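Thank you all for coming; I would like to take a few minutes to walk you through one structure, starting with its cysteines and then moving to its cores and helices. Please have the sequence and the model open while I talk.

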Amino acid sequence: MNETPIPLVKKFNYPKLERVTLENERYYVAPDGTKLSSVTTILDSTSDKTFLIEWKNRIGEEEANRQVKYATTMGSIMHEQLEDYVQGKPRQTGSSIIWKQAEKMADQIITRGMPNITEIWGMEEILYYPELYAGTTDLVGCWKGVPSIMDYKTAKKMKTEEQIENYKLQACAYAMAHNEVYGTDIKQGVILMVSRDFEYKEFIVDTEKYMKEWINRLETFL
């Protein structure tokens, strides 16, 4: 058994909202039946895609789709590895190159990031702001004793602060939703990122600093 030493504390009753994924949209259905756009859809729709378009034009659409699929698969495997670890379950194993790489990437977060998590309130929980939006956070709990929204991220090569604006705004959105529904005062996001060459980095986000930008993006989308 792969037991985690992190205390799992059930402080809140998180809802199990229906999640609908379409070709160009993801949304959730709130307890009252309201359709709520996902945070990732909002951020994607309001982002500057100039760099992405240029990248696709440079390498071709077929190769771009292949790389996106590869990255998505690797991220999914790593997330599953971390979910097993947090729940104290034996981690699944695979023999493919992508699986082995994802396992080693998960190892970086487990050995270097997880010791800083002092309490977990929920894992893969759906957070929603009534009548506005919803999304799924990897972890919510305490990072070094501070209430935080925590997300795992993979990268082909390690990103800089300037390259992760959407990840920061995502943390803001989840913190804002959690505070609204549960009366908390979460002001911190933590992004645990690992690259394919196993470089590990933590980005600590002051959600209040980026809240205005998140609200601007939300208003633009709506």
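Let me begin with Cys142, which counts as buried because its relative accessibility is 8%, where buried means under 20% relative accessible area, exposed means over 50%, and partly exposed is what lies in between, with a 1.4 Å probe and protein chains only. Before I go further, please keep in mind that this is a predicted model, in which local features need pLDDT of at least 70 and side-chain atom pairs count only at pLDDT 80 or more, while totals for chains, interfaces and linings use all residues. Residues are numbered from 1 along each chain as its sequence is written, and side-chain values use heavy atoms, with hydrogens and water left out.

How many disulfides does a search of the whole structure find? The search finds zero, a disulfide being a pair of cysteine sulfur atoms within 2.5 Å. Cys142 is accordingly in no disulfide, and the nearest cysteine sulfur belongs to Cys172, 18 Å away. Seen from the other side, the sulfur of Cys172 has its closest cysteine sulfur in Cys142, and at 18 Å that is too far for a bond. Cys172 is buried as well, at 0% relative accessibility.

Now to the interior. The largest nonpolar core has 26 residues, and those with the most contacts inside it are Met78, Ile109, Met114 and Tyr152; by nonpolar core I mean a set of buried Ala, Val, Leu, Ile, Met, Phe, Trp, Tyr and Cys residues joined through side-chain atoms within 4.5 Å. Among the elements that give two or more residues to this core are helix H3 (61-87), helix H4 (97-113) and strand S6 (146-155), with helices (H or I, at least four residues) and strands (E, at least two) taken as DSSP runs numbered from the N terminus. The largest share, seven residues, comes from H4. Apart from this core lies another, of 23 residues, among them Phe12, Tyr129, Met176 and Ile186.

Met114 touches Ile6, Leu82, Tyr85, Val86, Ile109 and Tyr152, leaving out residues up to four places away in sequence, and contact here means heavy atoms within 4.5 Å.

H4 itself has 17 residues and reaches 24 Å from its first C-alpha to its last, close to the 24 Å expected at 1.5 Å a residue, the expected span being 1.5 Å times one less than the number of residues. Its buried residues include Trp99, Glu103, Gln108 and Ile109, and what covers the buried residues of H4 includes H3, S4, S5, S6, S7 and S8.

Is Lys168, in helix H5 (residues 165-182), buried or exposed? Lys168 is buried, with a relative accessible area of 5%. A polar contact of 3.0 Å joins its side chain to that of Tyr210; such a contact is a pair of N or O atoms within 3.5 Å, where, within protein, one must be able to donate a hydrogen and the other to accept it, and residues adjacent in sequence count only if both atoms are side-chain atoms. Not counting residues up to four places away in sequence, Lys168 touches Glu161, Ile191, Val205 and Tyr210.

Finally, the buried residues of H6 (residues 207-221) are Thr207, Met211, Trp214, Arg217 and Leu218, and what covers them includes H5 and strand S8 (200-206).
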